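Thank you all for making the time this morning. Please have a look at the structure on the screen before I begin, and keep it in view while I talk.

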Amino acid sequence: MNLCKKYIAKPGDYLVESSGGFGKSTSLKHLAKFLTSTSESKGKNTDGKTQGKKQVAVYIPVNDLNYIDSTNILFACLKKYFSSQVTDKAIIEMIGHTKDTTEYVFLLDGMNELNNQEVNGQTRMDYLCKDIKCLMEYPNVHVVISTRRADIMPETFRKMFRILRFQPFSDKNIRKYLNMQETDDLPQHLMKILSNPMFLKLFKKIYQRQPSVALAVTNKFELLELYFKQETELHREGMGDHAAEVRGYLLESVLPYIAFQVESALLENRFYEEEQHLDDTVREAFNQTREDRPENTSFETVYEMLQMNLGVVDERNIFVHELLRDFWAVKGFRLEANKGECEKIETFLVSLSEALEYRKTKKEKELARRTKYLDLGDFLYSMERAGLEKTLRRCGMKPDKKCVLRTLDFVQELSGVYDDLGEGKEAAEIGWIAKGCLSRVGEMFSIYERAERMNFIYYSIKWDIKAGNEEKNKKILNYILEARKEVEKIPEEARDIQLNDLYGRVLSNTGAFFFRLKDYDEARKWHLLAMEYKKRHCTAGAVVRSYQTLMSDAYHLGDPLEGYHYYKEAWEELCQGRTLEQCLLLEDHRFPEDMIERVMGNEILLLDMYSGKTDRAEEDGKEEITEEIIEEIIGELPAQIMYVYTSATGYQRNNVRLIKSLKGKLEGLVECKKLQERKELMIVVEEYMEKCENI
């Protein structure tokens, strides 16, 4: 996607969202440069005035705002661009007075990098969004922002922008960029890595020099490691042996030391509270890495090469790219471990595990928070794999079980993030390591804690459930059954609310095992057991989740009407006496929106069966699909559509997966013969299809 072309074709307010390495910063800088150059190149009228509106483009790295101690964050920053003497009011007045002659474009790069601490009861993000909204009130102001995740910002704020998402490169485009034929070998795991433009660009350089070595790369950490090693060797010819050794020393010792210190401070929320100067940090690294330093190397030589030759970190210890900082930080982790810096290593690992942690007290999965340091976690895992325990022992961590426990916390939380992101391969691979760790320290936990961890890890390893994979399937099933046995060590009447909730989830997850194998009858048996137990001991919300699984079972067993009835029973369980329209009016979104989206699948199938488009297997005991039921469904559909969409785009959320699923259901409704003449309903369907497409 070319942001410049998009903006020129349709100037406006844009939110650019993508993972790290997709070129968000580059795109915003190019746009700022383009707008400035085109404004300067405009001709003059005979009276000396610029032809057309003058354009003022202001590029602001959001990281710079972290150094501003003010609730008017953005305006305090803008004083650097206009005048340090002016007031916030003066800036606003200047923009207003020049609305006929000047167009202002503010480009805020990296909203995800804002240190979002709370000040006077509001977060810094709240204050920043307030300032941006204030600027956007003027017709001659446009704002372009970039972020890794849009859901770090309030939903009402996001709605003010047109959202653009950089898409991963396709397999075809990857091969084209690498000048490879379709028949040339390119492993699937590499395709996933190379869909990221940054890694694709670096990989190409490696591939051109050593194709077989490049194709052996298994993860992003290895790719960066190999790239910088090759770069050092290439510089040896032009720079000489000593200069190349100094460069290698910088890449392998100094930068890892700096990045580890920076990352540790960020994880502990103290980075922006301390004075940061690169020369002090480099000198500290220089003194701490004497054994790695080439002979006859001065501090001045190291510092000059870091600034002039590499240019990857600025005077405030800010790295040019978060991915590079994360990469060198985990190399620094290993260096500190080798030096026996046990306290530093443990603090770093505990802080990272907490950053990735799934908090059961929250309704949301909090992916915006939990993915903030996901690249760091990914690099650490890629470097250590199953060897993290050994590294912790090597740095002097004692007792031995503590090494296992710290490893368990990290891999369990990392696998959980991948599970919630739907990255099944990664979740399962790391989950099995977590399972092994728990088996060695399980006795350290209470029955509840042990079973809770087993259930949590099961979510990750369940991605390996596959037909024909009998041995591994048996291990996975046995694991969730073991979790059940753990809870059953405490009699039913003696279990507290936590244990009851956990036992209900374990029963339901056992059904999920059979569901993944498409044994829907067996899945239903376990899901019924779970619901019966939850009705006796758990909250209404937990019961509703059981109804949802039973609804899916019924759908796959070819009885969508039974599934529809489960939905209706679930609604009464949670929202007694209240209609869906009333819940919308009162902004009551307690009922799971994904259950409503899924019941729409049952409803579409029922509509098709009733109209004769889809056959329904006639079995004894199956309820007849009546006109009354069909009319009830049609009457509920508009509110269901609105409820799902509103919930999926609610405060600080943008559930793209759910929106895509909703769009699929809306397309299914368009195809329903029974609905063709229901004009009011079809207007709602078309309206929300367009909304889904825009997101």
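I will go through one helix, then a pair of helices, and then two single residues.

Before anything else, please bear in mind that this is a predicted model, and that what I say about it was computed from that model.

Let me start with helix 25, which runs over residues 520–537. At 1.5 Å a residue, its 18 residues should span 26 Å, and because the C-alpha atoms at its two ends are 25 Å apart, the expected and the modelled lengths agree. Which residues of helix 25 are buried? They are Y520, A523, W526, H527, A530, M531, Y533 and K534. These residues cover an arc of only 170° around the axis, which means that they sit on the same side of helix 25. As a general reminder, an α-helix has 3.6 residues a turn, so residues three or four places apart point the same way. K525 and R536, by contrast, lie on the other side of helix 25 and are exposed. As for what the buried residues pack against, the partners are helix 23 (470–487), helix 24 (497–516) and helix 26 (540–556).

Now to the pair, helix 29 (residues 593–611) and helix 30 (residues 627–648), which pack at an angle of about 150° with their axes 9 Å apart. Angles over 145 degrees count as roughly antiparallel, and helix 29 and helix 30 are therefore described in that way. Their crossing is left-handed. The residues that make this contact include I596, V599, M600, L606 and L607 from helix 29, and, from helix 30, I630, I633, I634, L637 and I641 among others; E593, E597 and E603 of helix 29 also take part, as do E627 and E636 of helix 30.

Finally, the two single residues. S27 is found in helix 2 (residues 24–40), and with a relative accessible area of 14% it is buried, since the cut-off for that word is under 20%. Leaving aside neighbours within four places in sequence, S27 is in contact with L3 and F166. Y459, which is 432 residues away from S27 along the chain, has its C-alpha atom 38 Å from that of S27.

N115, on the other hand, is placed in the loop between strand 3 (102–109) and strand 4 (118–119). Is N115 buried or exposed? At 16% relative accessibility, N115 counts as buried, and, with neighbours within four places in sequence again left aside, N115 is in contact with N66, R124, N269 and Y272.

How values were computed. Residues are numbered from 1 along each chain as its sequence is written. This is a predicted model: local features need pLDDT of at least 70, side-chain atom pairs count only at pLDDT 80 or more; totals for chains, interfaces and linings use all residues. Side-chain values use heavy atoms; hydrogens and water are left out. Helices (H or I, at least four residues) and strands (E, at least two) are DSSP runs, numbered from the N terminus. The expected span of a helix is 1.5 Å times one less than its number of residues. Buried means under 20% relative accessible area, exposed over 50%, partly exposed in between (1.4 Å probe, protein chains only). The arc is that of the directions from the helix axis to the C-beta atoms. Contact means heavy atoms within 4.5 Å. Axes are lines fitted to C-alpha atoms, for helices over the stretch in contact, and angles run from 0 to 180 degrees between N-to-C directions. Angles under 35 degrees count as roughly parallel, over 145 as roughly antiparallel, 65 to 115 as roughly perpendicular and the rest as oblique. A crossing is left-handed if the near helix is turned anticlockwise from the far one by less than a right angle, and right-handed if clockwise.
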